[in-house]
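Me: Could you take a close look at one helix here and walk me through its surroundings?

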Amino acid sequence: MPAPIPEPKPGDLIEIFRPMYSHWAIYVGDGYVIHLAPPSEIAGAGVASIMSALTDKAIVKKELLRVVAGRDKFRVNNKHDKEYTPLPLNKIIQRAEELVGQEVLYKLTSENCEHFVNELRYGVARSDQVTDAIKAAGLATVGLAALGLVGVMFSRNRKQKQ
């Protein structure tokens with residue numbers, strides 16, 4: 001039997017597993033989270049939600065975790081606690097609550113939902129999804145370049161033997 005999902009505590013980062021990416025929120029208590037969502041973000045929206053990420057504006061929303069997650073799985077994921085000291089809980093919650101309802105700048109690569117919650121918890125805006133995607137794109141480029149080089153070398157070798 002799988003271990004029960006731990007009950008989130010105020011200030012916890014919540015990772016919601018959407019198709020093809022993770023959405024992030026910060027738990028503020030009583031079943032509620034605060035998250036950064038493009039205007040068309042709908043719980044469980046999947047591809048439509050990804051497409052909404054192309055916008056440059058987002059709304060800070062306070063909603064029930066079960067509504068935001070919809071049918072998607074989620075977990076508490078304070079993955080940077082060993083690297084960064086979380087800010088005092090009252091400061092995390094106060095800063096998050098003060099932002100609710102505000103329209104803010106949204107950039108998939110530098111100001112997304114993961115940057116937003118890490119900034120609230122640690123005072124450091126970072127997104128491992130963006131970093132990982134950039135690394136993967138770099139590896140793919142290197143791989144394709146190496147494959148092309150092997151192809152050129154193989155082609156030259158065949159020509160020399162003729």
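Reply: Here's a tour of helix 3 and what it packs against. Bear in mind that this is a predicted model, where local features need pLDDT of at least 70, side-chain atom pairs count only at pLDDT 80 or more, and totals for chains, interfaces and linings use all residues. Residues are numbered from 1 along each chain as its sequence is written, and side-chain values use heavy atoms, with hydrogens and water left out.

Helices are DSSP runs (H or I, at least four residues), strands likewise (E, at least two), numbered from the N terminus. Helix 3 spans residues 89–99, and its buried residues (under 20% relative accessible area, 1.4 Å probe, protein chains only) are Ile92, Ile93 and Ala96. They cover an arc of only 90° around the axis, so they sit on the same side of helix 3; that arc is taken from the directions from the helix axis to the C-beta atoms. These buried residues pack against strand 2, strand 3 (32–37) and helix 4.

Now for the helix partner. The axes of helix 3 and helix 4 (residues 113–122) come within 8 Å and cross at roughly 140°. Those axes are lines fitted to C-alpha atoms over the stretch in contact, with angles from 0 to 180 degrees between N-to-C directions. The two helices are therefore oblique to each other, a label for whatever is left once angles under 35 degrees (roughly parallel), over 145 (roughly antiparallel) and 65 to 115 (roughly perpendicular) are taken out. Ile92, Arg95, Ala96 and Leu99 of helix 3 meet Phe116, Glu119, Leu120 and Arg121 of helix 4, contact being heavy atoms within 4.5 Å. After helix 3 comes Gly101, with a positive phi near 90°.

Methods:
Buried < 20%, exposed > 50% of the residue type's maximum accessible area, 1.4 Å probe, protein only.
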